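Here is a friendly walk through one protein chain, written to be read with the structure open beside it. We begin with the whole chain and then visit a few places one by one.

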Amino acid sequence: AEADAGLGGGVELCARAEVEEEESEPDADQLVEDGIRDVKVATIGNVDSGKSTLVGVLTKAILDDGRGRARSKVFNFSHEASNGRTSSIAQEIMGFSTGGEQVVVDRPGATSAASRNLTWNQIVAKSSKLVTFIDLCGHEKYLKTTIFGLVGLCPDYAMIIVNANSGFQRMSREHLGIALALRIPFMFVVTKIDIAPENVFQDNLAMLRKIVKSNAVKRQPQMVEKEEDLKAAADGLITDQVCPIFCISNVTGEGLPLLRAFLQRIPSRLQLSGLFGDVSDPVEFHIDGVYNVNGVGIVAGGLLRSGCIRPNMQLLLGPDKASQFKPVLVKTIHYKRTPADSAESGMHCGLALRSLVKKEALKKCSFRKGMVLVDAALQPKPTWEFKAEVIILHHATTIRERYQAMVHCGIIRQCAQVKRLSCDLLRTGDKAVVTFRFAYHGEYLRPGATLLFREGRTKGLGRVLEVFEDAAPEDDAPP
C-alpha cells in the first residue's frame, strides 16, 4: 500500500515558488484567467469504467445505447473500436455559448478526419468557452501512455471515472496517486448507476468517501445533487479542499446536466499551475505528436509552454538522435483544427515545419520522443545528467546506485540510471537528492521541472534541481 506520508510528502515537495505570484497584481492574473477560453480535463480511471463513453456523450450531446455507440465516435483507431479499449490519447472538445448553453453541431456522428475538422471549426467559431477532454487509457498495459497524458499534456483538472458496479479498483488507485503527486485537482464521476444494484452502489459510494477523507488525500467529499451545490464544489475543487462526486448514467442521461453545468463553470488553471511561462518569454514548444499531411508536409503537434509563435518564425528543433538542435521555419499554425495567426503560451496547437538546413528535408523519422522547438536566444544544449530532489511513493525493496527507472518529465520518456545518492539507499517514503543519467539520448531539461519515475509498480516523484549540460555520453550506456 502507498504510504500516506509518501503522497503527503510528494504534494509538499512539488509546491511551486509563490513569490512571483504575490508580486504580480491579482487583478491582472484574474483578467488573464477569465480571458482564457480553453479548460483541459483529463479522464482517468480503471479499464471498463466508461471514460471514452462519457467523453462521447458529453462532446457529441447524445446518449449511449449501452453497446459502445458513444465511444466509437471518440476512438482514434479501428482496433480500439473493435475491442472497446483505449490505447492512445484522444482529444475532443465541448463548446459553450455566452449564455452557458452547450454548442451542438448539426452532424455529431462525424468520424472521418475531414468531417471532424469541420465539426471542430463550427464549435470553435460559435463558442465563448471550450472544454478539451484528454481521453486516457485505463488498462495497466498502457499505463506509460496515461502517465504521459497527465505529465506531458498538463491538464487543468482530472476526472476519475468509477464504475458503480465494480467500485474503486487497483488501476484507479494508481491514477489517483499520480494525480495527487502532480497536484492536479480531481473529481469523481460514478458511471453506470442505471445497472448497479442499490446496495452495491451505496457500498462503493461509501468507499469513495472514505478514500477522499483518508490521510493521503485529505479532502472533503461533496455529493453534487442539485444546482445549488455547483458553486461550492467549483470553488473547493480549485483550492484542493473539496472533491466533488457526480453520479451519472450515460444511457438514461441521469446526472449529465449537472456535470455539464459544472464543466462550464470551472476556470482555467494556466496561471495557478505554475507550468507555463509568459507570452513575452522566449518560445518553448513541447512536441507530443508528429504527422505527415498530404500537401502540407511535416506537422508537429504539441503544447506551447512559453512565448508566442507566429508564421515564418525561425526556431531550433532538437535534441535529435545525435543530440543536436537544427533550425526550422514555422510555415502555418492550426489551433483546435482551425487556422490561426499566432499561438500563445498554454495553447495546444499544430505547426507546419520546414527545415532550414540545405539538402536536409524534415521527415517523420527525423523526430523522436522528447523533442522541443525553442528560441535560439535560449541557446539550448542537450542534458545527459541531472540532479533531482525525489521522494519514493512506493517501492517493494530498496533503491541503490545503478538502479534504473523510466523517467517521465514533461514530454520526456526515457530510461535513466541512478549515478549518485545523497544517502546509502532509499525505501518507501524516503527523500533524497539523486543524480540521474539518461541511458540513450540527451534531453532538453530545465531546472524546476516536475518528474515522475517508475519501474513496474515502483513510483517516485521529484523536482529537477540542477542540469549538467557538459556531461558527454558514455560508451558503457546500457544496451
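## The chain as a whole

The chain has 11 helices and 23 strands. Please keep in mind that this is a predicted model. Of the 479 residues in the chain, 54% are buried. The accessible surface of the chain comes to about 21,100 Å², and carbon and sulfur atoms hold 48% of that surface. Among the contacts with a separation of 6 or more, 72% are between residues 24 or more positions apart.

## The barrel and its helices

Where should you look for a barrel? Six strands form a closed barrel in the order S18-S21-S20-S19-S22-S23, with antiparallel pairing. From one strand to the next, the twist averages 45°. Helix H7 (residues 143–152) packs on the sheet, where H7 touches strands S19, S20 and S22. The direction of H7 makes about 35° with that of S19.

A second helix, H8 (residues 170–181), lies across S18, S22 and S23. The two helices are set side by side here:

| Helix | Strands touched or crossed | Angle |
|---|---|---|
| H7 (residues 143–152) | S19, S20, S22 | about 35° with S19 |
| H8 (residues 170–181) | S18, S22, S23 | about 30° to S23 |

In general, strands of a sheet pair through backbone hydrogen bonds, either parallel or antiparallel. In this barrel, strand S18 (residues 385–394) pairs with strand S23 (residues 458–468) in the antiparallel sense, over nine bridges. To find a spot along this pairing, look for Ala388, which stands opposite Val464 in S23.

## A buried serine in a loop

Now turn to Ser127, which sits in the loop between helix H6 (113–126) and strand S4 (129–135). Is Ser127 buried or exposed? Ser127 counts as buried because its relative accessible area is 9%, and the cut-off for buried is under 20%. Which residues does Ser127 contact, leaving aside neighbours within four places in sequence? They are Arg37, Gly95, Phe96 and Val103. One of these, Val103, is 24 residues from Ser127 in sequence, with 6.6 Å between their C-alpha atoms.

## A nonpolar patch on the surface

Finally, have a look at the surface, where Tyr291, Val293 and Val296 make a nonpolar patch of about 240 Å². Tyr291 belongs to strand S9 (residues 284–293). With a relative accessible area of 46%, Tyr291 is partly exposed.

Technical notes: Residues numbered from 1 in each chain as written. Predicted model: local features only at pLDDT ≥ 70, side-chain atom pairs only at ≥ 80, totals over all residues. Heavy atoms only, no water. Pairing = 2+ DSSP bridges. Helix = DSSP H or I, 4+ residues; strand = E, 2+ residues; numbered from the N terminus. Axes fitted to C-alpha atoms, helices over the stretch in contact; angles between N-to-C directions. Contact = heavy atoms within 4.5 Å. Patch = residues over 30% accessible without salt bridge, like charges linked within 9 Å, V, L, I, M, F, W, Y side chains within 5 Å. Areas by Shrake-Rupley, 256 points an atom, 1.4 Å probe, with all protein chains shown as cover. Salt bridge = Lys/Arg side-chain N within 4 Å of Asp/Glu carboxyl O. Buried < 20%, exposed > 50% of the residue type's maximum accessible area, 1.4 Å probe, protein only.
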